[in-house]
Amino acid sequence: MALCPLCNGLRKINVLCSECNTEMDDKGKSMDYDDEYSAYMDTDTLKQNDGFMRSLADGQCPHLMKCPSCGHDEIILVKE
């Protein structure tokens, strides 16, 4: 099992909003928002159905980024 530097507080990331150029907030793993139990499930199992074909094989953690200014959100893949 790989270790995501964002999930584990080892690193921060700066992503600018593509709509208004404001720095976006990291809202954590995108799959934590799938349902009320997702945050408690095994990450590797969730990656098999996260919509990103190679996230598990390539060691990538999908993170939800949200703009505090305009509300735009997007998912980025973070190398574990």
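Serine 30 sits in the loop between strand 1 and helix 1 (43-47) of this predicted model. This residue is buried, with a relative accessible area of 12%. Its contacts, not counting residues up to four places away in sequence, are Pro62, His63, Leu64 and Ile75. The protein around serine 30 contains one helix and three strands, and these follow the pattern β-α-β-β along the sequence.

**The loop between strand 1 and helix 1**

- Serine 38 lies in the loop between strand 1 and helix 1, where serine 30 is also found.
- Serine 38 has a relative accessibility of 1% and counts as buried.
- Outside the residues up to four places away in sequence, serine 38 touches Met31, Asp32 and Leu46.
- Serine 30, by contrast, has Pro62, His63, Leu64 and Ile75 as its partners under that sequence exclusion.

**Overall dimensions**

- The radius of gyration is 13 Å, close to the 12 Å that the globule rule gives for 80 residues, so the protein is as compact as a globular protein of that length.
- The C-alpha trace spans about 35 × 25 × 20 Å along its principal axes.
- Of the 80 residues in the protein, 31% are buried.
- Taking contacts between residues at least 6 apart in sequence, 51% join residues at least 24 apart.

**The sheet**

- Three strands form an open sheet with the order 1-2-3 and antiparallel pairing.
- Strand 1 and strand 3 are the edge strands, each pairing on one side only.
- From one strand to the next, the twist averages 35°.
- Strand 1 (residues 25-29) runs antiparallel to strand 2, and three bridges join them.
- Strand 2 and strand 3 (residues 73-79) are also antiparallel, and seven bridges pair them.
- Lysine 66 can be followed across the sheet: this strand 2 residue is the bridge partner of aspartate 25, and its own bridge partner in strand 3 is aspartate 73.
- Methionine 65 has glutamate 74 as its bridge partner in strand 3.
- The hairpin of strand 2 and strand 3 has six residues between the strands, and glycine 71 there takes a positive phi near 85°.
- Strand 2 (residues 60-66) has five of its seven residues buried, so this strand is largely enclosed by the rest of the structure.

**The nonpolar core**

- In soluble globular proteins, nonpolar side chains tend to be buried together.
- Here the largest nonpolar core has ten residues in all: Cys4, Leu6, Val15, Cys17, Met24, Cys61, Met65, Cys67, Ile76 and Val78.
- Strand 2 and strand 3 are the elements that give two or more residues to this core.
- Valine 78, one of the core residues, is in contact with Cys4, Pro5, Leu6, Arg11, Gly59, Gln60, Cys61 and His63, leaving aside neighbours within four places in sequence.

**Cysteines**

- How many disulfides does the structure hold? The number is zero.
- A disulfide is a covalent bond between the sulfur atoms of two cysteines.
- Why is cysteine 17 not bonded to the closest cysteine sulfur? That sulfur belongs to cysteine 70 and is 3.6 Å away, which is too far for a bond; the cut-off applied is 2.5 Å.
- Cysteine 61 is in no disulfide either, and the nearest cysteine sulfur, that of cysteine 4, is 3.8 Å away.
- Cysteine 17 counts as buried at 3% relative accessibility, and cysteine 61 counts as buried at 1%.
- Cysteine 4, cysteine 17 and cysteine 61 are among the residues of the largest nonpolar core.

Note on methods
Residues are numbered from 1 along each chain as its sequence is written. This is a predicted model: local features need pLDDT of at least 70, side-chain atom pairs count only at pLDDT 80 or more; totals for chains, interfaces and linings use all residues. Side-chain values use heavy atoms; hydrogens and water are left out. Buried means under 20% relative accessible area, exposed over 50%, partly exposed in between (1.4 Å probe, protein chains only). Helices (H or I, at least four residues) and strands (E, at least two) are DSSP runs, numbered from the N terminus. Two strands pair if DSSP finds at least two bridges between them. A nonpolar core is a set of buried Ala, Val, Leu, Ile, Met, Phe, Trp, Tyr and Cys residues joined through side-chain atoms within 4.5 Å. Contact means heavy atoms within 4.5 Å. Axes are lines fitted to C-alpha atoms, for helices over the stretch in contact, and angles run from 0 to 180 degrees between N-to-C directions. The radius of gyration is taken over C-alpha atoms; the globule rule is 2.2 Å times the number of residues to the power 0.38.
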